[in-house]
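Okay, thanks for making room for me on the agenda. I'd like to walk you through one model, so have a look at the screen and then we'll go through it piece by piece.

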Amino acid sequence: MNKLFTINSLSRFNTVIQSNRKLCLSATKYSETGQNVEPTILVEKDANVTLIGINREQQRNSIDAATAEKLGEAINQFESDDSSPVGVLYGVGGSFSAGYDLKELEAEAQQGSLNFLLRHEGSVGPTRRHLRKPIVCGISGFCVASGLELALLCDLRVMEDTAVLGFFNRRLGVPMSDGGTVRLAAAVGYSNAVDIIETGRRVYAREALRIGLVNRIVATGTALGQAVNLAFSIAKFPISSLQHDRNALLDNANVYARPGFYRAVNNEIMSVSAALLADMQEGVKRFKTSAEIKGPKTDAWHIKEKSIPDWEKAEIEIEQQNKDKTNLN
């Protein structure tokens, strides 16, 4: 059962948000042009839980090479911190992550380069290995393409009811390269994985929960708070036995077995061909010029009009007529 977001937790969450804002200001750096540059990765601790935030709001938290490197460093620091047994990964500003940065992807495609696929730990973070500690993912807005692969890296996923998942990279001709083909099939089964990967369609919250792609559905705007709550519910347990059982699960559970996992991840990136590069170049051009794909939005902040059946409309009309007659009398 979902743990309720209590008043104490809400107070603690507000403190975390305020701390994150302070961190954003204190960590501000100056570029060579003298302009303020916000950090693309935010790191904060709430008691013994480490919060890691992707902070490229204007780019819907898409991840370029520099951000991927900083994310890897933040996760490595969390894993080496003995005082923090559980982490939370989230996106700042309404979306978790739109995947790999399109501008950088376009530049790679124009150069005929696939270097972003061949980075040692992964194109958007340390996705080609198992995490050494549990991380809970808070999903809001769009969590698509390699952003979804990043979410699959986490142990548990908390998804807002208006968020959207999917491998939208299908329409660009960009291959999955961050362990998604391995982790998705392990999470939802072969048939569901094939459907999601081959169609590149949207996956909404109810279906995601039903097939095991996420672990919790929460109200819009509460993913981070509920993810923090879930992290605290795990962090309260003796960590040695928890880590023992988690490692045993990774060693024994189907494709998550370590030798098989690394072999599968290598297969994912080593079968790249010249034809795939051509598809990617064409796909990026098509993406930039397609009005259908530009600027997709979730309905997170839209008020949905309630649909009323015909019989109920008739009843309302009769009731209104009777009310009018009464007023005339």
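Let's begin with a strand pair: strand E8, residues 156-160, runs alongside E10 in the parallel sense, and the two share 3 bridges. If you want a spot to put your finger on, take Met159, whose bridge partner in E10 is Ile217. Before I go further, keep in mind that this is a predicted model, and everything I quote is computed from it.

So where does that pair sit? E8 and E10 belong to an open sheet of 6 strands, and if you read across it the order is E3-E4-E5-E6-E8-E10, with mixed pairing. Strand E3 (41-46) and strand E10 (216-218) are the edge strands, each of them pairing on one side only. As for the twist, neighbouring strands in this sheet are turned by 20° against each other on average, direction ignored. For anyone who doesn't look at sheets every day, strands of a sheet pair through backbone hydrogen bonds, either parallel or antiparallel.

Now helices. How do the axes of H4 and helix H5 cross? H5 covers residues 180-188, and its axis and that of H4 come within 9 Å, crossing at roughly 60°. That makes H4 and H5 oblique to each other. The handedness is there too: H4 passes H5 in a left-handed crossing.

Next, the charges. Side chains of opposite charge can pair when their charged atoms come close. Searching the whole structure turns up 9 salt bridges, and I'll show you a few.

The one I'd zoom in on is Arg129 with Glu79, at 2.8 Å from N to O. Arg129 sits in the loop between helix H3 (102-110) and strand E6 (135-139), while Glu79 is in helix H2 (residues 65-80), so this pair ties together parts that are 50 residues apart in sequence. And are these two buried or exposed? Both Arg129 and Glu79 are buried. They also have company: through salt bridges that share partners, Glu79, Glu121, Arg129 and Arg132 are joined into one network.

Then there's Arg56 with Asp64, where the closest N and O atoms are 3.5 Å apart. Arg56 is buried, at 13% relative accessible area, and Asp64 is buried as well, at 15%.

Another one is Glu207 with Arg201, where the closest N and O atoms are 2.6 Å apart. Arg201 counts as partly exposed, with a relative accessibility of 24%.

Since we're down that end of the chain, let me point out Tyr204. You'll find Tyr204 in the loop between helix H6 (190-199) and helix H7 (205-211), and it is partly exposed, with 46% relative accessible area. Along the chain, Tyr204 is 42 residues from Thr162, yet their C-alpha atoms are separated by 7.4 Å.

On to cysteines, since somebody is bound to ask. How many disulfides are there? The count comes to 0. Take Cys143: it is in no disulfide, and the nearest cysteine sulfur, the one in Cys137, is 5.7 Å away. Cys143 is buried, with a relative accessible area of 0%. Cys154 has Cys137 as its closest cysteine too, sulfur to sulfur, but 4.4 Å is too far for a bond. Cys154 is also buried, at 4% relative accessible area.

Last stop is the backbone. Which loop holds Arg60? That's the one between strand E4 (49-54) and H2. Arg60 isn't a glycine, and still its phi is positive, about 50°. With 28% relative accessibility, Arg60 counts as partly exposed.

Ala145 is another non-glycine with a positive phi, this time about 55°. Ala145 falls in the loop between strand E7 (142-144) and helix H4 (146-153), and at 10% relative accessibility it counts as buried.

If you take a few things back to your bench, let them be these: an open sheet of 6 strands, a salt-bridge network that includes Arg129 and Glu79, and a disulfide count of 0. Okay, that's me done, and I'm happy to rotate the model if anyone wants another look.

Methods: Residues numbered from 1 in each chain as written. Predicted model: local features only at pLDDT ≥ 70, side-chain atom pairs only at ≥ 80, totals over all residues. Heavy atoms only, no water. Salt bridge = Lys/Arg side-chain N within 4 Å of Asp/Glu carboxyl O. Buried < 20%, exposed > 50% of the residue type's maximum accessible area, 1.4 Å probe, protein only. Helix = DSSP H or I, 4+ residues; strand = E, 2+ residues; numbered from the N terminus. Pairing = 2+ DSSP bridges. Axes fitted to C-alpha atoms, helices over the stretch in contact; angles between N-to-C directions. Disulfide = S-S within 2.5 Å. Parallel < 35°, antiparallel > 145°, perpendicular 65-115°, else oblique. Left-handed = near helix turned anticlockwise from the far one by under 90°.
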